[in-house]
Amino acid sequence: MTETIPQPRTEVAADQLEDTAPESAKPGLLVLSPLRLEANAVRRGLTQPTSRVQHTGMGATRARKAAGKGQLNSFRGGVVVMGTAASLSDDLRPGDLVVATEVSDGETTVPLPGAELLAAELRRAGLTARAGRLITVQKLVKSAERVRLAAAGYAAADMESAALVAAAAGRPVAVIRAISDSGFGPGMVTGGMAALRSLRAAAPVAEKWAAACRERTVLLAGPRSFCAGVERAIEIVERALEMRGAPVYVRKQIVHNTRVVSDLEQRGAVFVDELGEVPDGATVVFSAHGVSPAVREDASGRGLSVIDATCPLVSKVHAEARRFAREGYTVALIGHAGHEEVEGTLGEAPESTVLVQTAEDVAQLSVDDPSKIAYLMQTTLAIDEAADVAGALRDKFPQMRAPGSDDICYATTNRQAAVRAVAAEADLVLVAGSANSSNSVRLVERSERAGTPAHLIDGATDIDLSWLSGVSVVGLTAGASAPPAVVSEIIAALSGLGTVTVTERVTTTESVQFGLPREVRRQPEPQPQPDVAS
Ligand code: SF4
C-alpha cells in the first residue's frame, strides 16, 4: 500500500509561486513577520546563517503583496509566519504562543498538520505554547466579535496569517503567534514586550522545525498496534461499563498504554493499584497481564465481582507454571523483574519458581534437582534475547523441559519481525507505545540492534524535531497495546513537515481472536416465534 500525503494547498496567484531563481533556492528557514518590531525580535533569536526573515507589512493586502515580491518565490525550505496576535481565549496570557492548527480568513480554511509537534517542541524549550485555531481578520475585533470568534473555537486572531500561508502554499508552513494583549493594531506592539520576547525565544525552535522539513517516506510495519489480547481486554472494560454502569474498577492499567487508560477513565473506569482501593461489592476487572492466585483469593474474600481480562496467552503460561510445579519441577521463568505479568506468573507457584533475567542469572542459578527443571517465558520478550537465556539454561541443565508451545506470543513475534523489516530500510524508526509497555520497548531495542536509531513515543508530540533532521525514510510501528489512531496521528504530524509517502511493509497477517468472558457476553435477542395453528 502506498499513499502520498501532500502539503495542504490553497488557491494562490501564479506569480506568487513562480520560481524565478531555482538555483538560489536553499533549504532552511524563512520567517515572514508582518511588523518590523516582530521581524527584529525574531532576527535577534536566530542562530543559523541560512535563516532569513522577511518583514511583510501589516494587514492581509500588504503582507500578500510583500510575500509575492520577496524571497519567498525562490525559497523551498520551511516557512514560518511569526508575529503577535490577539487572544480570543481567557486562558492565554501575553507572551503565550499559539501554533496554528489551521488558519482561516472566514472563507477559506487551511489545515496546518504538525502544529502539535511544533507546539510541543516550543514547550520543551521552556515556552508556554499550545496548538489552536487561528482566524485572520481585516480590522480590529470589537468585543462582540471577539465573543463570537471565541465561541467558534478560535484561540487567537491576527491580520495577516491567512494571506501569508496562502502565499507559502506548496512548502512546509507553520504559524507561531505570540499573544500580545486582547486587542491588536499598532498599540498592541508597544504593550507587547512579553510577546516580542517570546518570538525571539521561539526563533531557534523555528529553525529546528525547518531543519526537520523535507519530503519523506514513512514505512509502516505490518502487523503493528493492537493484538487480540489487548482488543479483548479493552472490550471487556467497555462492555462492563455499558452493562453495569460506571464506576468499573480495574486493577492496574488494563493494558500498558496511557491513551487507552485515559480514554477508559473518561468513560468511567477507575484504575487502582491494589484491591484495597476497590469498595466492597464493586466490579473489578483484572488486567490483560494477569494476576496471581493470591489476588484472586483476596477479591473472592472481599466479595468483589471479578471480570478477568487476562490474555488467554498469559493464562496459558500460568497453567504451565502450575503443571510443572505440580510435577515437582523447578520453573525458571525468563522475564523482567517487576513486570505485572511476571509477578502474576511467579505467584502461581512461588515456592517452585525462580526468575532469570539474563545469562548471568543462569550462571548463578542452583537447583535441588538439576534433572527436574523446566523453563517458561514472559510473553512479550525480545525473541533473540530470550533465546540466549534459554540457551544458557539448556547448556547448564541439558535435561531441562520446555513449554508445550512458545510462550512469547504471536503478536510479540510478528511485531518484532515487522519492525526488523522496516528498520533495514529506514533512517529512523518511531515506535508508538508507552514507556511501561514491554513489547513496545522491545520493538525499539529490536530496531537499534538492527543498526537503526529508534524512539518510543506515546504520540506525535513526543517527537523531538532534531530526530528528523536529515531523515528521509521513517519506519513506523506501534506496540501491541498502542491504538491504531496514534499511528495515523503521527503520519499526519509528519505531513506538516513536507509531503509524506506512506508505504506499508507487511511481513505477515494476523487473524487471532479471543472470546469474551461470560460476564460480558450479550444475551442473544429473543427471536419472534411464528404463530402455530393448533
Ligand atoms: S501481547 Fe500477546 S500475550 Fe500480551 S495481550 Fe497481546 S496477545 Fe496477549
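Which residues of β18 point one way, and which the other way? L428, L430 and A432 point one way from the strand. V429 and V431 point the other way. This fits a general rule: in a regular strand the side chains alternate between the two faces of the sheet. The model is predicted, and β18 is a good place to enter it.

Strand β18 covers residues 428–432. Residues count as buried under 20% relative accessible area. Five of the five residues of β18 are buried, so the strand is largely enclosed by the rest of the structure.

Next come the partners of β18. Strand β20 (residues 473–478) pairs with β18 in the parallel sense, over five bridges. Within that pairing, V431 stands opposite T477 of β20. Strand β19 (residues 454–457) also pairs with β18 in the parallel sense, here over four bridges. The bridge partner of V429 in β19 is A454. To get from β18 to β19, the chain crosses through helix α17, residues 438–449. This β-α-β crossover is right-handed.

Now follow the side chains. I490 touches L430 and A432, two residues of β18 that point one way from the strand. Leaving aside residues up to four places away in sequence, I490 also touches I457, G459, A460, I463 and L476.

I490 matters for the packing count as well. The largest nonpolar core has 57 residues, and within this core L122 and I490 touch the most other members. Helix α8 (residues 193–211) gives the largest share of this core, nine residues. A second, separate core holds 27 residues. Among them are V250, A288, A411 and V520.

V250 leads to another sheet, since strand β11 spans residues 248–251. What is the order of the strands in this open sheet of four? The order is β12-β11-β13-β14, with parallel pairing. β12 (269–272) and β14 (305–308) stand at the edges. Each has a single partner strand, so one side of each is left without a neighbour in the sheet. From one strand to the next, the twist averages 30 degrees.

Look closer at β11 and β12. They run parallel and are joined by four bridges. R251 has V272 of β12 as its bridge partner. Helix α9 (residues 228–244) packs on the sheet. The helix touches β11, β12, β13 (283–286) and β14. Its direction makes about 150 degrees with that of β14.

Aromatic contacts are quickly listed. A pair of aromatic rings is described by the distance of the centres and the angle of the planes. The count of such pairs here comes to one. F324 and Y329 form the pair, with 5.7 Å centre to centre and 65 degrees between the planes. Planes over 60 degrees apart count as edge-to-face, so the F324 and Y329 pair falls in that class. Both F324 and Y329 are buried.

Finally, step back to the whole chain. The protein chain has 19 helices and 21 strands. Of its 534 residues, 54% count as buried. The C-alpha trace spans about 85 × 70 × 55 Å along its principal axes. How do the contacts spread along the sequence, and what share join residues at least 24 apart? Among contacts between residues at least 6 apart in sequence, that share is 76%.

How values were computed
Residues numbered from 1 in each chain as written. Predicted model: local features only at pLDDT ≥ 70, side-chain atom pairs only at ≥ 80, totals over all residues. Heavy atoms only, no water. Pairing = 2+ DSSP bridges. Axes fitted to C-alpha atoms, helices over the stretch in contact; angles between N-to-C directions. Contact = heavy atoms within 4.5 Å. Core = buried A, V, L, I, M, F, W, Y, C linked by side-chain atoms within 4.5 Å. Buried < 20%, exposed > 50% of the residue type's maximum accessible area, 1.4 Å probe, protein only. Right-handed = clockwise from strand over helix to strand, strands pointing away. Phe/Tyr/Trp six-rings, centres within 6.5 Å; stacked < 30°, edge-to-face > 60°.
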